[in-house]
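Q: I am in my first year and would like to learn how to look closely at a single part of a protein model. Please take me through it slowly, in connected prose.

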Amino acid sequence: PSYDLYIDAFSGKLTNSSGTERKLDDINYYTDLKGSKYKKIAEELENYGITLRDEKGRLNEKAYITRDQFSALMGSLGSYYFNRTGGDKELTRQFAAKILTNRILPAECAELPGIFKSPFSDVAEDSKYVGYIAVASAKGYMSGKGGKFRPGAKVTRGEALVMLYNMLSE
């Protein structure tokens, strides 16, 4: 099912693509968020048609997200990232930083050696991801803990929603 929502320019009300008014009560929320720390964010994003539900209506918050799934999630915002390889690979935090900042930080800038300083002890100054990580951190899209970023750690579906929410909240 499609959960695309639009805003009527004259009334300011939520509508679907045909202009029919939609009420937030019409939206079918995730089925597995009871007691989840991601519940508020997931439901708020879903109010605007941004979802990461599987065919059974679940978020599966602890499952890892793939590069393709994260790119599709970003694509639901009109932000586009083309990934030529590894689309079915599980997304790492450093690659998430690249996708999140892609619209404001082109690779020609992000990957210039010596331009960006690493804000984290576990991200090398010569890493090709240091620019993306520095910007994602500075913008508040992603954060580290205890001075570490964990660049190679896999991203869960719940964490992916938080990153997207943080990006939209800037």
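Which residues do ring pairs link into a cluster?

A: The model shown here is a predicted one, and the cluster you ask about consists of Phe95, Tyr129 and Tyr132, which are linked by ring pairs. Before going into that cluster, it helps to have the whole chain in view. The chain holds six helices and two strands, and read along the sequence these elements follow the pattern β-β-α-α-α-α-α-α. Of its 170 residues, 44% count as buried. Among the contacts between residues at least 6 apart in sequence, 61% join residues at least 24 apart. The chain exposes about 9,700 Å², and carbon and sulfur atoms supply 50% of that area.

Now to the rings themselves. The count for the chain comes to three aromatic pairs. The rings of Phe120 and Phe149 have their centres 5.1 Å apart and their planes at 40°, so this pair is tilted, since a tilted pair is one whose planes are neither under 30 degrees nor over 60 degrees apart. This pair links distant parts of the chain, with Phe120 in the loop between α4 (107-110) and α5 (130-139), and Phe149 in the loop between α5 and α6 (157-168), 29 residues apart. Tyr129 and Tyr132, which belong to the cluster, also form a tilted aromatic pair, at 6.4 Å centre to centre and with 55° between the planes.

How covered are these rings? Residues count as buried when their relative accessible area is under 20%. Phe120, with a relative accessible area of 9%, is therefore buried, and Phe149, at 0% relative accessibility, is buried as well. In the cluster, Tyr129 has a relative accessible area of 11% and so is buried, while Tyr132, at 1% relative accessibility, also counts as buried.

Tyr132 leads us on to helix α5, where it is one of the buried residues. This helix is mostly covered, for seven of its 10 residues are buried, and they are Val130, Gly131, Tyr132, Ile133, Ala134, Val135 and Ala136. What lies over these buried residues includes α3 (93-101) and α4. Just after α5, Gly140 takes a positive phi of about 85°.

Rings can also have a charged group over the face, and there are two examples to look for in the model. Arg53 lies over the face of Tyr30, at 5.9 Å from the ring centre, and Lys154 lies over the face of Tyr64, at 5.4 Å from the ring centre. Lys154 is worth following further, as it also forms a salt bridge with Glu90, in which the closest N and O atoms are 2.9 Å apart. That pair links distant parts of the chain, with Lys154 in the loop between α5 and α6 and Glu90 in the loop between α2 and α3, 64 residues apart. Lys154 is partly exposed, at 42% relative accessibility, and Glu90 is partly exposed too, at 35%.

This brings us to pairs of opposite charge in general. Side chains of opposite charge can pair when their charged atoms come close. A search of the whole structure finds five salt bridges, and one of them joins Lys39 to Glu43, with the closest N and O atoms 2.7 Å apart. Being four residues apart in helix α1, Lys39 and Glu43 are separated by about one helical turn. An α-helix has 3.6 residues a turn, so residues three or four places apart point the same way. Lys39 has a relative accessible area of 34% and is therefore partly exposed, whereas Glu43 is among the buried residues of α1, together with Ile41, Ala42, Leu45 and Glu46. Part of what covers the buried residues of this helix is α6. Leaving aside residues up to four places away in sequence, Glu43 touches Tyr29 and Leu33.

A further salt bridge is made by the side chains of Arg58 and Asp54, at 2.9 Å from N to O. Here Arg58 is partly exposed, at 28% relative accessibility, while Asp54, at 17%, counts as buried.

To return to your question, the residues that ring pairs link into a cluster are Phe95, Tyr129 and Tyr132, and the last of these sits among the buried residues of the mostly covered helix α5.

Key:
Residues are numbered from 1 along each chain as its sequence is written. This is a predicted model: local features need pLDDT of at least 70, side-chain atom pairs count only at pLDDT 80 or more; totals for chains, interfaces and linings use all residues. Side-chain values use heavy atoms; hydrogens and water are left out. Contact means heavy atoms within 4.5 Å. Buried means under 20% relative accessible area, exposed over 50%, partly exposed in between (1.4 Å probe, protein chains only). Accessible areas come from the Shrake-Rupley method with a 1.4 Å probe; for residues, only the protein chains shown count as cover. Rings of Phe, Tyr and Trp (its six-membered ring) pair if their centres lie within 6.5 Å; planes under 30 degrees apart count as stacked, over 60 as edge-to-face and the rest as tilted. A charge sits over a ring if NZ of Lys or CZ of Arg is within 6 Å of the ring centre and within 35 degrees of the ring normal. A salt bridge is a side-chain nitrogen of Lys or Arg within 4 Å of a carboxyl oxygen of Asp or Glu.
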